[in-house]
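Have a look at the sequence and the model below, and then let us walk through a few of the features together.

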Amino acid sequence: MQSELRRAGATICVCILIGGVVTGCAGNKTGNTVPTRAPATTAYKNASALATNLASLGSVSGPIHGTITVGSNEHTLSGTVSLTRGASQVSLLESGQDQVIADEIVLGSHRYTSPDDKIWIDRGSKADSTGLAAALAGADTTQDAGVGTVDGVKAHKILTTPDKMDIAPALGIDTWTYDNESTTLRVWANDAGKPVGFGASMSWRVTLGGVQQEVATELDVMFTYTSPVQIEAPTSPWKWVEDKPAGIAFALPTAWKRSPVNDALGVTTYLDPASADAVAYNDGLVGNLSLADATKKIVDQRKDTPSGTQIIEVGAEDASWMTYHRTKQKDYQVVAIAVHETIVYQIFLLGDPAKESALDSLARQVFATVEFTR
């Protein structure tokens, strides 16, 4: 069963919370967000001290407590957040499962993400102004919405006006295709103006199965961990490949290189110089065709018969997985077919039939990093 978090749009490699929700807006955010009724607030007595402390926040860490609601389904969010001298690390899990849904490390203004805490992806530079430390330093410290208790910690809830700042980038969220996105930052502080945690409220719309659904997320992090914060860059991260015209992005081992071998066929190809294994993809318009119908149409056009057919998840969409032992080419091919909006994507991994098991494993790893970006 697919996770509600991924179905809501947390694509597999888009970091901490919900990456790559792709709806019908083709990369443009819808501006008519539904206003949220502001809670009653009073002036926070130690606003100046809190602002100073947030600007010079040291090493802090703590657990995530939250929920994500998709339609009528509510699931639990957990994990950890660590922050030290501008570097940050966030790991998020859904419903207490062992599998890490999404991770992000930001270190030295460089961003790394992981869909499983095993394969890490080098996502390039990240501006300090969009990081978590900058978001907390820029919080409005004047409005006190009252005292609450989270994770056993009693503190003042200091609210920043909704949508005054876009906090999603600070949480590692790629929002290029959200509809009706709205975010609110809150800081938890004690009576003396010391920050003891932070939280966020987020909402947006996502298209699931052709139907738009409302998504709402609440999370809080209280700085209750006392162990020293250590944030290190991952070793041997994969590289990030983004094809903006095609609306697809994914990760590959660093050594793989772009090859023009199939460009004339409308297929983009990357090769492993050491093994000659290949990853390739193409896309085409299918209108309102379902995944089942699109898959049948593609399979019927091929001479070889697929095996190992099943439904997996690619880029937060259902996808058809199948394998081929191609007779003419004398190779082994793993294929994922996904319909995103009105576009069908085929993603292939090809190699030596003698390495069938290894190719299956590599295909699952690559497919798990896919994001549809428009």
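This report covers a strand hairpin, the nonpolar cores and two buried residues.

**The hairpin of S2 and S3**

Please keep in mind that this is a predicted model. A good place to begin is strand S2, which spans residues 60-70. This strand is mostly covered, with 8 of its 11 residues buried. Its partner is strand S3, residues 73-84, and the two run antiparallel, joined by 11 bridges. If you would like to find one of these pairings on screen, go to Thr-67, whose bridge partner in S3 is Thr-76. The hairpin of S2 and S3 has 2 residues between the strands, and here Gly-71 takes a positive phi near 65 degrees.

**The nonpolar cores**

The largest nonpolar core holds 37 residues, and the members that touch the most others are Leu-132, Leu-136, Leu-171 and Phe-198. Which elements give two or more residues to this core? They are the helices H2 (47-55) and H3 (132-137), together with the strands S2, S3, S4 (87-94), S10 (179-189), S11 (195-208) and S12 (211-222). Strand S11 makes the largest contribution to this core, 5 residues. Apart from this core lies another one, of 34 residues, which includes Trp-238, Tyr-270, Ile-347 and Leu-349.

Back in the largest core, Leu-136 is a nice residue to centre your view on. Leaving out residues up to four places away in sequence, Leu-136 touches Leu-54, Leu-57, Leu-83, Leu-185, Val-187 and Phe-198.

**Two buried residues**

Next, here are two residues side by side, one from a strand and one from a helix.

| Residue | Element | Relative accessible area |
|---|---|---|
| Arg-123 | strand S7 (residues 121-125) | 13% |
| Ala-135 | helix H3 | 10% |

Why does Arg-123 count as buried? Its relative accessible area is 13%, and buried means under 20%, so Arg-123 falls within that class. What does the side chain of Arg-123 make a polar contact with? The partner is the side chain of Thr-113, at 3.4 Å.

The reasoning for Ala-135 runs along the same path: this residue is buried because its relative accessible area is 10%, under the 20% limit. Setting aside neighbours within four places in sequence, Ala-135 is in contact with Met-165, Ala-170 and Leu-185. Ala-168 makes a useful landmark too: Ala-135 and Ala-168 are 33 residues apart in sequence and 9.6 Å apart in space, C-alpha to C-alpha. Leu-185 is also on the list of residues that Leu-136 touches, so you can keep it in view while moving between these two helix positions.

How values were computed. Residues numbered from 1 in each chain as written. Predicted model: local features only at pLDDT ≥ 70, side-chain atom pairs only at ≥ 80, totals over all residues. Heavy atoms only, no water. Buried < 20%, exposed > 50% of the residue type's maximum accessible area, 1.4 Å probe, protein only. Helix = DSSP H or I, 4+ residues; strand = E, 2+ residues; numbered from the N terminus. Pairing = 2+ DSSP bridges. Core = buried A, V, L, I, M, F, W, Y, C linked by side-chain atoms within 4.5 Å. Contact = heavy atoms within 4.5 Å. Polar contact = N/O pair within 3.5 Å; in protein donor to acceptor, adjacent residues only side chain to side chain.
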